[in-house]
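This report treats selected local features of one protein–ligand model. It begins with a helix and its surroundings, then turns to a charged residue, the ligand shell and the backbone geometry.

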Amino acid sequence: MTRILPVTDPDAVRDAAAALRRGSLVAFPTETVYGLGADARNAEAVARIFAVKRRPAFDPLIVHLADERDLERVAASRPEGLRKLADRFWPGPLTVVVPKHPAIPDIVTAGLETVAVRIPEPEPTRRWLAACGTPVAAPSANPFGYVSPTTAAHVADQLGGELELILDGGPCPVGLESTVVTLVTNPPAILRTGGISVEAVRDVLGEVRILPPGTPASVRPDSPGQLSRHYATKTPLVILDASQVPPAGSCRVGLLGYREAPARHGYASVELLAPEGDMETAAAGLFAALRRLDALGLDLIVAEPVPERGLGLAIMDRLRRCAASSP
Ligand code: TXA
Ligand code: MG
C-alpha cells in the first residue's frame, strides 16, 4: 500500500528520508512537477527509477539538493555563470548542467561527464532533502513519455503500486518542468525551456544559445533526454486555432483553450487555461487539464496555441511534443 503523507509533517519527512536512505524510491513535490526520488549515490536505487518509469537508460536524471553548499558533492567544478544563475534563480525552477563529481554514478548521468543539478523552491521539500543527507536523483514521477504529474493523486494514479511513499505538497505552483541550462558549452545553452523564461536567463547570462522550440530530438546533440516523444496524452492532440475548426459531427473532440474560445459549442469538453490571459496560470494548469481531457476517452484534443513569450515558449514546447507523438 502506498502511503501519501503531507510534506509539512515532520514524522513523514523523517520516514521518507529513512526510506530513501535504505534505497527505496520516494515521490516528492516541487514547485514544477512531482519528482520520483532515489539516493543519487546508490546506483541500484537509481536503476529502480528507470525500471519503474520504463525510462530508457540514455536519458540522464536531475540531482536535487537542499542547499547550494551541497553542490561540491555532485559537481567537479563551478563553471563561469553559475554564481550569477544561482544568486538569481536558486532555489527555483532552474537546472544547471555542470561537470560531474566522481561520487555520482554513471547511471544518474547516462554516462555523461556532466550532471544536471537543481535546488527546488518549496521549503518543506528542502527540509526533506536536507533530512535525506544525500543528493536526490529524480525525474518527473510519471511513466516515461506521459504528461508530468502536478498533484500527489497524479502520481498515485500511475505509479502508486510501485511506491512505498508519496510526499504530498498540494498542486505544483509552476506546473512546468525546470528550465535546463548547460554551462559546459560556450556560450551557455538552454536545453529545455521551462519554469524560468528564456528572457530571464538571457538577462542574467547575456548570450545564450537556444534551439528553436519544436526542434526534433535527432538534431539536439547535447541533450540526450530531449526526445520529441514526451508529455504525450493517449488521446491524439492537434494544435489549431479553435475558431477555425468546428468539431465534426460524430467525433468527440475536447478543447484545450487558452482564453475564451469563440466557437466552444460542439466540443465534448472544454478546458480553459487562463481566462485572464496570464501565462503563469496557464502553465500551472496545463498538465492537469491535459490529464482531465485524456481521461474522457475522446477521439481528439484540439489545443489552442498560446503566445510564445515568457512561459508561453515552454507551454508550446510541451504541446508540440504531445502533438508530435500523437497516434
Ligand atoms: O522540474 C524538473 O526538472 C523536474 C522536477 C522533478 O525537478 N524533473 C524533471 O526531470 O523534469 P526529467 O528527468 O523529466 O527531465 C530531466 C531533463 C531531461 O531533458 C534530461 O535530458 C536533462 O534534464 N538532463 C539531465 N541531465 C543532463 C545532462 N547531464 N546533460 C544534459 N541534459 C541533462
Ligand atoms: Mg520527465
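## Helix α2 and its surroundings

The buried residues of α2 pack against four elements, namely β3, α4, β7 (136-138) and α6 (152-159). This packing and the other features below belong to a predicted model. Within α2, the buried positions are A45, V46, I49, F50, V52 and K53. The helix itself spans residues 43-53. At its N-terminal end, α2 is capped by N42, with a side-chain oxygen placed 3.1 Å from the backbone nitrogen of E44. After α2 comes R54, a residue with a positive phi near 55°.

## The charged residue D39

Strand β3 covers residues 35-39 and contains D39. D39 touches V46, and its other contacts beyond four places in sequence are L20, T134 and P135. V46 is also one of the buried residues of α2.

Which side chain of opposite charge is nearest to D39, and how far away is it? That side chain belongs to R41, at 4.4 Å. Because a salt bridge requires a side-chain nitrogen of Lys or Arg within 4 Å of a carboxyl oxygen, D39 is buried yet has no salt bridge. The side chain of D39 does, however, make a polar contact with the side chain of T134, at 2.7 Å.

## The shell around ligand 1

Ligand 1 is surrounded by 26 residues, of which T32, R55, H64, S178 and R192 are the closest. The table lists polar atom pairs between side chains and the ligand.

| Residue | Ligand 1 atom | Distance |
|---|---|---|
| H64 | oxygen | 2.6 Å |
| T114 | nitrogen | 3.0 Å |
| S178 | oxygen | 2.6 Å |

On its own, ligand 1 has 680 Å² of accessible area, and the protein covers 97% of this. Three elements give two or more residues each to the shell: β4 (62-64), β6 (114-118) and β10 (189-192). The largest share, four residues, is supplied by β6.

## Backbone geometry in the loops

Most residues other than glycine have a negative phi, and most peptide bonds are trans. The following loop positions are therefore set out individually as departures from that general pattern.

Two cis peptide bonds precede prolines. One runs from W90 to P91, with omega near -5°; P91 lies in the loop that joins α3 (82-89) to β5 (94-99). Another runs from N186 to P187, with omega near 0°. The loop that holds P187 leads from β9 (179-182) to β10, and β10 is among the elements that give residues to the ligand shell.

Positive phi values are found at R54 and A110. For R54, phi is near 55°, and the residue sits in the loop between α2 and β4. Is R54 buried or exposed? R54 is exposed, with a relative accessible area of 63%. A110 is not a glycine either, and its phi is about 55°. The location of A110 is the loop between α4 (106-109) and β6. With a relative accessible area of 26%, A110 is classed as partly exposed.

## Connections between the features

Several elements recur in this account. Strand β3 holds D39 and is packed against by buried residues of α2. Helix α4 is likewise a packing partner of α2, and the loop that contains A110 runs from α4 to β6. Strand β6 in turn provides four residues of the shell around ligand 1.

How values were computed: Residues numbered from 1 in each chain as written. Chains lettered and ligands numbered in written order. Predicted model: local features only at pLDDT ≥ 70, side-chain atom pairs only at ≥ 80, totals over all residues. Heavy atoms only, no water. Buried < 20%, exposed > 50% of the residue type's maximum accessible area, 1.4 Å probe, protein only. Lys, Arg positive; Asp, Glu negative; His and termini not counted. Polar contact = N/O pair within 3.5 Å; in protein donor to acceptor, adjacent residues only side chain to side chain. Contact = heavy atoms within 4.5 Å. Near = heavy atom within 4 Å. Areas by Shrake-Rupley, 256 points an atom, 1.4 Å probe, with all protein chains shown as cover.
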